[in-house]
Amino acid sequence: MVGRDFYSTLGVSKGATKAEIKSAYRKLALEWHPDRNKSPEAEEKFKEINHAYEVLSDDKKRQTYDQIGHDAYSQTKGRGTADWPGGGRQSGPFTWTYTSTGETPFEGFDFGGFSDPFEIFEQFFGRSGFGGFSHAQQKPTYRISIDFMEAVHGVEKHVTIDGKTKTLKIPAGVDDGTHIRFTDFNILVSVKPDKTFQRRGQDVYVSLDIPFTKALLGGTVDVPTLDGKGMKVKVKPGTQPGTMLRLREKGIKYPNQNHYGDFYIAFVIQFPQKLSRKQKELLEEFERTL
C-alpha cells in the first residue's frame, strides 16, 4: 500500500462518516474476497481493504492516523504474528481484529436466509484469527435452515449473495449438520424438528396412540406418512405395549442414492382413566375367564 492512504483504499473522502466507511468496506470486502475473486491481486487487495477499515472504523486509531500520517500505520512486513498500532493483529499476509461492540460492517445485509455473512471471514481466517492457514484449503461456509419435509424430499432455495441471486439445490435425504459443497462455498444444513416424525439417520419413527380395546381385539388404524397421503395399517389382536411395526424402505432416501431407510410405527396403548360401572363389570367378568 505504499503511496496510497487508507481513505483512497476504501474510496472515501477524509471527511467520510462511519456509516460511509462501513458501507464502502462491506462492498469492497465482498468484491475482493479471495474465495470469490480469483484474480491474482485479490489476496493483496483484500488485505489492504481490511487494514484500512481496521484503522478508519475506530475513532481513536483514525485520529492518530490523521495526526501522524500513513507511514506509521504501515503493515508489518514478513510472516508470523505482529502487533498493529491500536491493538490490531496480523497473521502472515492477513489481518484480523476483535472488537467488543458486537457490531459488524455487514449488519442488515441481505444474505437470503443465511446466517451472519461475517462468517465468511471466520471461515477464511480460522476462528482464532491466527496461526498457519491457506485460503485454498477452505471455502466460506454458510448455514441455512430448512424444514423437516424439505430435508426429506429435497428443496431448491433462492438466496441473494453479494447482490446476485443463486439457486441452491439441496438433495432429498440431507440430515441436520450435513455439509454440502458448492463451487465457491459450502453449506451447513440445519433441519428443523417435526412434531409428528422423529428421525434417526435415514430411519423414521412415528408414535401412534391406539385404545387398549383395539390392541386386544385388533383392527385397522390410520398412520401418517412422509408423502402426506397416509396409509392404513392392521393392528394384530393382542398387541402388547412397546410393539413396533417396521416398514422396510419406507423411510428417508439416502442423498444421491436409490436406497431408503425404514419406517417404524410404535404403538402406544391408551388406557381409560375412568370406567363406568358397566365397563368395570365387563372387565371383571373378563378377568374371571383368564
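**Exercise 1. Place Asp 262 in the fold and state whether it is buried or exposed.**

Step 1. Asp 262 lies in the loop between strand 13 and strand 14. Strands (E, at least two residues) and helices (H or I, at least four) are DSSP runs, numbered from the N terminus.

Step 2. Asp 262 has a relative accessible area of 10%, so it is buried. Buried means under 20% relative accessible area, exposed means over 50%, and partly exposed is in between, with a 1.4 Å probe and protein chains only.

Step 3. Leave aside neighbours within four places in sequence. Asp 262 is then in contact with Gln 202, Asp 203, Val 204, Arg 246, Leu 247, Arg 248, Glu 249, Lys 250 and Gly 251. Contact means heavy atoms within 4.5 Å.

Step 4. Tyr 205 is 57 residues from Asp 262 along the chain, yet their C-alpha atoms are separated by 8.7 Å.

A note on the model. It is predicted: local features need pLDDT of at least 70, side-chain atom pairs count only at pLDDT 80 or more, and totals for chains, interfaces and linings use all residues. Residues are numbered from 1 along each chain as its sequence is written, and side-chain values use heavy atoms, with hydrogens and water left out.

**Exercise 2. Which residues does Gln 202 touch, beyond those up to four places away in sequence?**

Step 1. Find Gln 202 in the loop between strand 9 and strand 10 (203-211).

Step 2. Check burial. Gln 202 is buried, at 11% relative accessible area.

Step 3. List the partners. They are Gly 173, Gly 251, Ile 252, Lys 253, Tyr 254, Pro 255, Gly 261 and Asp 262.

**Exercise 3. Compare Glu 249 and Asn 256 by phi and by exposure.**

Step 1. Both sit in one loop. Glu 249 is found between strand 13 and strand 14, and Asn 256 is placed there too.

Step 2. Read phi. Glu 249 has a positive phi near 60° without being a glycine. Asn 256, also not a glycine, has a positive phi of about 60°.

Step 3. Read exposure. Glu 249 counts as partly exposed, at 42% relative accessibility. Asn 256 is exposed, with a relative accessible area of 69%.

**Exercise 4. In what order do the four strands of the open sheet that includes strand 13 stand?**

Step 1. The order is 9-10-14-13, with mixed pairing. Two strands pair if DSSP finds at least two bridges between them.

Step 2. Strand 9 (197-200) and strand 13 (244-247) are the edge strands, each pairing on one side only.

Step 3. From one strand to the next, the twist averages 25°.

Step 4. Strand 13 and strand 14 (residues 263-270) run antiparallel and are joined by four bridges. Met 244 stands opposite Ala 266 in strand 14.

**Exercise 5. Why is one side of strand 4 and of strand 7 left without a neighbour in the sheet?**

Step 1. Start with the order. This open sheet has three strands, 4-8-7, and its pairing is mixed.

Step 2. Strand 4 (141-146) and strand 7 (179-181) are at the edges; each has a single partner strand, so one side of each lacks a neighbour in the sheet.

Step 3. The twist averages 30° from one strand to the next.

Step 4. Strand 7 runs antiparallel to strand 8 (residues 186-191), with three bridges joining them. Ile 180 has Ile 187 of strand 8 as its bridge partner.

**Exercise 6. How many residues lie between strand 5 and strand 6 in their hairpin?**

Step 1. Strand 5 (residues 155-161) pairs with strand 6 (residues 164-170) in the antiparallel sense over seven bridges.

Step 2. Lys 157 has Leu 168 of strand 6 as its bridge partner.

Step 3. Two residues lie between the strands, and Asp 162 in the turn has a positive phi of about 55°.

**Exercise 7. At roughly what angle do the axes of helix 2 and helix 3 cross?**

Step 1. The axes of helix 2 (residues 18-32) and helix 3 (residues 42-56) cross at roughly 160° and come within 9 Å. That makes the two helices roughly antiparallel.

Step 2. Check the terms. Axes are lines fitted to C-alpha atoms, for helices over the stretch in contact, and angles run from 0 to 180 degrees between N-to-C directions. Angles over 145 degrees count as roughly antiparallel, under 35 as roughly parallel, 65 to 115 as roughly perpendicular and the rest as oblique.

Step 3. Among the contact residues are Tyr 25 and Trp 32 of helix 2, and Phe 46 and Tyr 53 of helix 3.
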